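Colleague: I'd love a close look at the side-chain pairing in this model, followed by a walk through its surroundings. Please give me your cut-offs as you go.

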Amino acid sequence: MLTAILAYLGVGLIAGFLAGLLGVGGGLVIVPALLYVFALLGLPPEHHQHLALGTSMATIVFTGIASLKAHHGRGAVRWPVVKTITPGILLGTFAGAQLAAFIPGLGLQWFFVVFAYLVAAQMLLDFKPKPSRALPAMGGMSAVGTTIGLVSSWVGIGGGSLSVPFMTLCNVPVKEAIGTSAAIGLPIALAGALGYIVSGWSAGALPQGALGFVYLPALAGIVLASFPMAKVGAAAAHRLPVPVLKKCFAALLIVLASKMLWSLLSLKGL
């Protein structure tokens with residue numbers, strides 16, 4: 001039990017700092033870390049991935065609030081963008097969480113691995129879309145929001161790795177894109193957490209302490225550490241060499257994704 005508590009606190013410290021610093025990364029660390037801890041605790045393996053995703057989305061509700069306040073205080077949130085993209089975000093994320101209940105955990109793990117490698121490659125290559133267009137109208141923003149929400153719900157993230165490049169492409173300055181992404185992450189997390197609670201409500205063999213596919217002991221430990229660290233990360237984003245830190249984070253992502261990939265291949269006997 002003590003090991004699990006320390007693990008949740010450690011994950012929260014790292015995830016909260018990354019969420020505030022880069023506008024991405026919280027869930028990409030939380031999900032594989034929770035899979036490892038759940039296996040150690042002997043939780044039902046058929047629900048590991050769903051519990052990790054649902055719990056990750058729930059933790060982002062809290063880190064999202066802290067990060068949003070910090071970025072808003074620095075004038076880095078474009079609220080008109082948040083307003084127009086949020087309806088699609090809510091629809092896509094909630095629908096994705098419902099669909100996830102019908103996808104086997106191994107299928108969701110494969111999706112996570114591929115996504116993590118793509119994010120790592122984007123960071124290592126420092127690929128930045130050239131600002132080449134304006135933000136779309138309401139219909140286009142809704143479609144983009146639905147897509148971001150759907151993908152985010154299947155990897156347990158606040159959507160920053162998708163929303164930041166999108167806004168950069170649409171001529172939003174990087175710091176404002178990160179700040180706005182932090183604000184967008186809150187409706188993603190709320191809809192995702194609610195969606196995973198609902199989709200897991202009637203699931204069998206859930207461990208004690210689970211609310212649908214949200215595992216409350218893990219949620220409490222991670223939030224306790226991540227909430228204050230998100231503020232530290234947001235402040236550090238204006239002082240530290242973020243490009244160097246992104247490459248370090250990309251290396252961490254590759255390690256985590258490779259560990260998951262090895263586990264998946266081992267199950268297939270490859």
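Modeller: Happy to! A search through the whole structure turns up one salt bridge (a side-chain nitrogen of Lys or Arg within 4 Å of a carboxyl oxygen of Asp or Glu). Before the details, a word on the ground rules: this is a predicted model, where local features need pLDDT of at least 70 and side-chain atom pairs count only at pLDDT 80 or more, while totals for chains, interfaces and linings use all residues. Residues are numbered from 1 along each chain as its sequence is written, and side-chain values use heavy atoms, with hydrogens and water left out.

The salt bridge joins R78 to E176, and the closest N and O atoms of the two are 2.6 Å apart. This pair ties together distant parts of the chain: R78 sits in the loop between helix 3 and helix 4 (79-100), E176 belongs to helix 8 (residues 174-199), and 98 residues separate them. Helices (H or I, at least four residues) and strands (E, at least two) are DSSP runs, numbered from the N terminus. Neither partner reaches the buried class: R78 is partly exposed because its relative accessible area is 30%, and E176 is partly exposed because its value is 25%. The classes are buried under 20% relative accessible area, exposed over 50% and partly exposed in between (1.4 Å probe, protein chains only).

Now for the rings. How many aromatic pairs does the whole structure hold? The search finds two aromatic pairs, where rings of Phe, Tyr and Trp (its six-membered ring) pair if their centres lie within 6.5 Å, and planes under 30 degrees apart count as stacked, over 60 as edge-to-face and the rest as tilted. One of them is F38 with Y215, an edge-to-face arrangement with 5.6 Å from centre to centre and 85° between the planes. F38 lies in helix 2 (residues 26-41) and Y215 in strand 2 (residues 214-215), so this pair links distant parts of the chain, 177 residues apart. Both F38 and Y215 are buried.

The rings of F111 and W154 also meet edge-to-face, because their planes stand at 90° with the centres 5.5 Å apart. Here too the pair connects distant parts of the chain: F111 is in helix 5 (residues 105-124), W154 is in helix 6 (residues 138-155), and they are 43 residues apart. In this pair, F111 counts as partly exposed because its relative accessibility is 31%, whereas W154 is buried, with a relative accessible area of 17%.

Helix 3 deserves a stop, with two residues to look at. T59 is placed in helix 3 (residues 48-73) and is buried, because its relative accessible area is 1%. T59 is in contact (heavy atoms within 4.5 Å) with I30, L219, I222 and V223, leaving aside residues up to four places away in sequence. Q49 is found in helix 3 as well, and with a relative accessible area of 1% Q49 is buried too. On the same basis of leaving out residues up to four places away, Q49 touches V31, L35, G105, L108, Q109, F112 and M260.

Further along, L162 lies in helix 7 (residues 160-169). L162 is partly exposed, with a relative accessible area of 26%, and touches F115, I148, V151 and S152, again not counting residues up to four places away in sequence. From L162 to A4 the C-alpha atoms are 31 Å apart in space, with the two positions 158 residues apart in sequence. G204 is placed in the loop between helix 8 and strand 1 (210-211), and G204 counts as partly exposed because its relative accessibility is 45%. G204 and I5 are 199 residues apart in sequence and 25 Å apart in space, C-alpha to C-alpha. L13, in helix 1 (residues 2-22), is partly exposed with a relative accessible area of 41%.

Finally, the record. The unreviewed UniProt entry carries the annotation "transmembrane region" for residues 7-38, 50-68, 107-125, 137-157, 177-198, 210-229 and 249-267; positions are in the numbering used here, feature names are shortened, and annotations may be inferred rather than shown by experiment. Among these spans, residues 107-125 are 95% helix and 0% strand, with end C-alpha atoms 27 Å apart. The span of residues 177-198 is 100% helix and 0% strand, and its end C-alpha atoms are 31 Å apart.
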